[in-house]
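Biologist: Could you take me through the ligand site of this model, and then a few spots elsewhere in the chain? I would like a close look with the cut-offs spelled out.

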Amino acid sequence: MSDVPLHPETLAVHAGREVDAGTGAIALPIHPSTTFQRDADGGFSHGHIYTRYANPTRTHLETCIAALEGGVEAAAFASGTAAAMTVFQGLGPDAHVVASADSYHGILRLLREIMAPWRLAVSTVDTTDPDAVRAAMRPETRLLWVETPSNPLLKISDLDALADIARAANAVSVCDNTFATPILQRPLEHGFDVSMLSTTKYLGGHSDVLGGALVTRAADAFWERIRFLQGAGGAVPSPFDCWLMLRGAATLPLRVRAQSENAGRLAEHLVAHRMVEAVYYPGLAAHPGHALAARQMNGFGGMLSFTVKGGEAAAVKTAANVKLIKRATSLGGVESLIEHRASIEGPETRTPRNLLRMSVGVEHVDDLIADLENAL
Ligand code: PLP
């Protein structure tokens with residue numbers, strides 16, 4: 001594409017895309033074919049055999065995501081959860097995993113309810129404290145799973161320090177980079193082995209396609225295992241979903257920047273609101289992870305949480321009162337969403353009962369402020 005390193009805005013538009021040689025089409029074609037013709041001598045000179053193993057449209061997407069994350073290769077999956085599941089399956093039996101206690105609850109559920117009966121042991125720790133992580137590592141620890149910023153408390157963990165701890169323990173380090181996106185944070189540059197994304201969120205960006213990705217710093221033995229599991233396990237996205245995801249990726253930098261700016265404005269507004277107890281947003285100077293976030297991120301992101309005075313009832317009522325902002329789970333789309341987080345996380349949740357999580361969209365921030373002002 002180019003010999004000089006390109007900026008993320010340029011990569012988002014061009015990486016993985018080329019003008020179609022057959023037609024000159026600028027927009028990429030979708031290759032729905034599940035199977036590809038063998039050569040007369042039985043070979044596969046086109047490079048494709050069967051879509052579960054690889055598909056041209058998926059390869060375009062994987063190339064684009066690898067370039068954005070600064071990795072050597074990416075593997076696309078049918079969801080973020082499928083990507084995470086593939087990492088856990090790649091560990092083998094009797095593995096021990098250390099994971100951020102404030103990780104997306106669905107990931108912790110995978111570890112505790114699906115993987116634990118297969119003899120995988122899990123310790124959840126506050127990964128904002130490197131000493132606590134170091135203390136949790138055991139000789140059989142194979143994976144350090146870190147989510148930063150975390151969901152839903154927006155905790156910030158030190159990527160450089162945690163990558164060092166994992167390396168010293170011979171464990172694979174994986175960062176769930178879903179909230180930050182590669183536009184704001186590139187975990188591989190901090191020494192992490194793998195960056196994981198739920199591409200359902202910001203990469204897709206329009207709340208209309210489910211997907212996930214793993215990106216590796218090196219084509220090592222663990223990555224070979226991931227590639228094997230991707231093709232043999234089969235949790236892969238459809239070519240049409242890959243195409244939609246690539247379309248979303250082109251505007252990722254623009255959207256993330258606009259969403260971060262809006263979230264910053266909203267956070268400042270909420271901090272000063274008499275009905276708001278606390279605001280969790282790493283862009284606020286008072287946030288305990290602010291200095292670290294400023295160091296390892298290129299912006300503070302479009303996600304924020306806040307607690308409402310008056311307990312759970314007041315929080316639920318606030319969510320009920322919004323008109324423009326939609327009451328829904330998920331995040332990263334162009335539209336702003338609000339969610340009473342404890343009720344979606346189930347009975348084991350440790351999220352404060354009066355907490356609302358917001359995925360801030362690209363609307364005009366004054367309209368969002370007016371909607372929240374009215375709701376509160
Ligand atoms: N990681 C984070 C931080 C998430 O918020 C989510 C989904 O909400 C996931 C992973 C799982 O992704 P998916 O819903 O695409 O399976």
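Modeller: Happy to; here is the ligand site, followed by some backbone features and a buried pair.

A word on the ground rules: this is a predicted model, in which local features need pLDDT of at least 70 and side-chain atom pairs count only at pLDDT 80 or more, while totals for chains, interfaces and linings use all residues. Residues are numbered from 1 along each chain as its sequence is written, and side-chain values use heavy atoms, with hydrogens and water left out.

Let's begin with the ligand. Of the 14 residues around the ligand, the nearest are Gly80, Thr81, Asp176, Ser198 and Thr200; a residue is near a molecule if one of its heavy atoms lies within 4 Å of it. Polar contacts here are pairs of N or O atoms within 3.5 Å; within protein, one atom must be able to donate a hydrogen and the other to accept it, and residues adjacent in sequence count only if both atoms are side-chain atoms. A polar backbone atom of Gly80 is 2.9 Å from an oxygen atom of the ligand. From the side chain of Asn151, a polar atom lies 3.2 Å from a ligand oxygen. Lys201 has a side-chain N or O atom 2.9 Å from an oxygen atom of the ligand. Taken alone, the ligand exposes 400 Å², of which the protein buries 92%; these areas come from the Shrake-Rupley method with a 1.4 Å probe, and for residues only the protein chains shown count as cover. Helix 3 (80-89) and strand 6 (194-198) are the elements that give two or more residues to the shell around the ligand. Helices (H or I, at least four residues) and strands (E, at least two) are DSSP runs, numbered from the N terminus.

Asn151 also brings us to the backbone. A cis peptide bond, with omega about 10°, joins Asn151 to Pro152. Pro152 is in the loop between strand 4 and helix 6. The bond from Thr148 to Pro149 is cis too, with omega near -10°, and Pro149 lies in the loop between strand 4 (141-147) and helix 6 (159-168). Such details catch the eye because most peptide bonds are trans and most residues other than glycine have a negative phi. Thr181, in helix 7 (residues 181-184), has a positive phi near 70°. Thr181 counts as buried because its relative accessibility is 3%; buried means under 20% relative accessible area, exposed over 50%, and partly exposed in between (1.4 Å probe, protein chains only). Ser330 has a positive phi of about 75° and sits in the loop between strand 10 (326-327) and strand 11 (337-340). With a relative accessible area of 22%, Ser330 is partly exposed.

Last comes the buried pair. Thr318 belongs to helix 12 (residues 311-321) and is buried because its relative accessibility is 3%. The Thr318 side chain reaches the backbone oxygen of Ala314 at 2.7 Å. Beyond neighbours within four places in sequence, Thr318 is in contact with Val308, Leu356, Ala375 and Leu376, where contact means heavy atoms within 4.5 Å. Its partner Leu356 lies in strand 12 (residues 355-359) and is buried because its relative accessibility is 0%. Not counting residues up to four places away in sequence, Leu356 touches a set of residues including Phe306, Val308, Thr318 and Ile338. Leu356 and Arg341 are 15 residues apart in sequence, yet their C-alpha atoms are 6.0 Å apart in space.
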